[in-house]
Amino acid sequence: AFDGSRCCCWHDGRREPLQIAPWKVNDVLGFAIDLDEGQMQLRTEQQELTMPFKAHGAVYPAASIRGFFRMHLAKDSWKLQTPRGYKEWGCGVFTWSD
């Protein structure tokens, strides 16, 4: 998991620091998972980070967020370049506000 508030990622129960700026209001984030290669990717307008990913059974998308956010699931609404070969896993727009 990527943690933009604490600038770290979590993998196999361990916290690993990341050299990223904390996420802020109006940031655009892109997430991608390659189940075959075992990699998870985070993209921002400034950088791209990749970390190992191991699925143990079913995989469900999840987000832990404070405040307002909007999740764009349909590919035609994505703001960042997608990795080659990746496909959308859902459609629609999900919005949440405290």
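**Exercise 1: cysteines.** Work out how many disulfides this predicted model has, and check cysteine 7 and cysteine 8 one by one.

*Solution.*
- Start with the cut-off: a disulfide needs a pair of cysteine sulfur atoms within 2.5 Å.
- Take cysteine 7: its nearest cysteine sulfur belongs to cysteine 8 and sits 7.7 Å away, so by the 2.5 Å cut-off cysteine 7 is in no disulfide.
- Move on to cysteine 8: here the nearest cysteine sulfur is that of cysteine 9, 6.8 Å away, and again there is no disulfide.
- The count for the model comes to zero disulfides.
- Now look at exposure, where buried means under 20% relative accessible area. Cysteine 7 comes in at 16% and cysteine 8 at 1%, so both names go in the buried column.

**Exercise 2: the sheet.** Find the order of the three strands in the open sheet, and say which strands stand at the edges.

*Solution.*
- Read off the order: 4-5-6, with antiparallel pairing.
- Strand 4 (30-34) and strand 6 each have a single partner strand, so they are the edges, and one side of each lacks a neighbour in the sheet.
- From one strand to the next, the twist averages 15°.
- Zoom in on strands 5 and 6: five bridges join this antiparallel pair. As for glutamine 39, its bridge partner in strand 6 is proline 52.

**Exercise 3: a loop residue.** Locate threonine 44 and decide whether it is buried or exposed.

*Solution.*
- Threonine 44 lies in the loop that links strand 5 (39-43) and strand 6 (48-52).
- Its relative accessibility is 17%, so threonine 44 counts as buried.
- Setting aside neighbours within four places in sequence, threonine 44 contacts Trp23, Val28, Leu29 and Leu80.

Methods:
Residues are numbered from 1 along each chain as its sequence is written. This is a predicted model: local features need pLDDT of at least 70, side-chain atom pairs count only at pLDDT 80 or more; totals for chains, interfaces and linings use all residues. Side-chain values use heavy atoms; hydrogens and water are left out. Buried means under 20% relative accessible area, exposed over 50%, partly exposed in between (1.4 Å probe, protein chains only). Helices (H or I, at least four residues) and strands (E, at least two) are DSSP runs, numbered from the N terminus. Contact means heavy atoms within 4.5 Å. Two strands pair if DSSP finds at least two bridges between them. Axes are lines fitted to C-alpha atoms, for helices over the stretch in contact, and angles run from 0 to 180 degrees between N-to-C directions.
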